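Me: I've got a model open and would like a close look at a single part of it. Could you walk me through one strand and what surrounds it?

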Amino acid sequence: MAKLPLSGRIVIITRPRPKSGGAAAALRRRGARVVFAPLIKTVPPRSWKALDRAILDLRRYDAVAFTSANAVDFFFLRCQKLLGHKPVSPRILAAVGRATAKAVAAKGWVCSVIPEDARAAGLAKALRVPRGARVLIPRAERGLDTLPRALRAAGARVTVVPAYRTVADTDGHRALRRALALGADAVTFASGSAVILGASVLKISGAAAVAIGPTTAATLRAKGIVPAAVAKHPDPESFAQAVVLALRGRP
């Protein structure tokens with residue numbers, strides 16, 4: 001029987017565990033021992049006022065764009081709290097990638113815009129709305145301005161509202177230190193936030209850093225960490241295959 005490509009390897013997942021089932025399964029199928037060490041966690045925004053106002057005025061918007069599954073979860077959680085039901089979908093519904101679109105579908109809405117390039121820049125190119133169109137973007141309290149800036153430049157009237165916050169997970173920081181001390185082979189990063197908020201513990205010279213995409217890879221480099229591999233697509237199989245590539249030939 002052929003040896004699995006990650007047999008005997010310890011791979012750390014720094015994404016929150018509830019969002020990492022697919023990646024963990026893909027890594028285990030390749031023989032890896034998976035250790036969870038989430039560097040970030042999501043919590044409610046400091047204030048619900050802006051999101052509540054947007055939900056209550058949802059009919060005024062021509063489009064809603066989701067840039068993460070977390071934004072989807074918090075948006076619909078708040079809809080249920082305010083309205084007691086799922087609101088009518090806007091005419092144009094966009095998601096940054098397949099995973100986010102799947103999260104939207106689980107809530108009963110269907111995305112009509114899903115870019116191949118699953119980044120804010122890709123969504124900005126794919127989401128073509130008429131000048132003057134009203135676009136709502138529920139997102140993290142602190143997020144990249146790539147999408148709203150591009151839409152405004154195209155003449156859209158954009159409203160950005162905080163749906164959640166991303167904060168450091170101190171328990172995960174301790175778990176990362178322990179796993180690295182035990183000789184972990186690779187550390188995976190699924191967002192720039194994990195890199196930024198985990199910067200105090202990112203001393204991983206003995207392990208290969210693997211990024212889910214070019215934006216996360218750029219954030220790693222900004223922190224002085226050169227990614228050993230970058231996933232071709234932001235999905236579990238591509239992510240796991242990037243780990244295989246990163247560890248190929250390493251002792």
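Reply: Sure, and keep in mind that this is a predicted model. Let's start with strand S6 as a whole: six of its seven residues are buried, so the strand is mostly covered.

S6 has pairing partners to go through. Strand S4 (residues 63-66) pairs with S6 in the parallel sense, over two bridges, and Ala63 has Val135 as its bridge partner in S6. Strand S7 (residues 157-168) also runs parallel to S6, this time with seven bridges; there, Leu136 of S6 stands opposite Thr159.

Now zoom in on Arg139, which belongs to S6 (residues 134-140). Its relative accessible area is 10%, so Arg139 counts as buried, the cut-off being under 20%. The side chain of Arg139 makes a polar contact of 3.4 Å with that of Asp145. Leaving aside residues up to four places away in sequence, Arg139 touches a list of residues including Thr67, Ala71, Leu144, Pro148, Val160 and Tyr164.

Tyr164 is worth following a step further. Its ring and that of Phe74 have centres 5.6 Å apart and planes at 20°, so the two are stacked, since planes under 30 degrees apart count that way. This pair ties together distant parts of the chain, with Phe74 in helix H3 (residues 69-83) and Tyr164 in strand S7, 90 residues apart. Both Phe74 and Tyr164 are buried, and Tyr164 is one of the residues that Arg139 touches.

Definitions and conventions. Residues are numbered from 1 along each chain as its sequence is written. This is a predicted model: local features need pLDDT of at least 70, side-chain atom pairs count only at pLDDT 80 or more; totals for chains, interfaces and linings use all residues. Side-chain values use heavy atoms; hydrogens and water are left out. Helices (H or I, at least four residues) and strands (E, at least two) are DSSP runs, numbered from the N terminus. Buried means under 20% relative accessible area, exposed over 50%, partly exposed in between (1.4 Å probe, protein chains only). A polar contact is a pair of N or O atoms within 3.5 Å; within protein, one must be able to donate a hydrogen and the other to accept it, and residues adjacent in sequence count only if both atoms are side-chain atoms. Contact means heavy atoms within 4.5 Å. Two strands pair if DSSP finds at least two bridges between them. Rings of Phe, Tyr and Trp (its six-membered ring) pair if their centres lie within 6.5 Å; planes under 30 degrees apart count as stacked, over 60 as edge-to-face and the rest as tilted.
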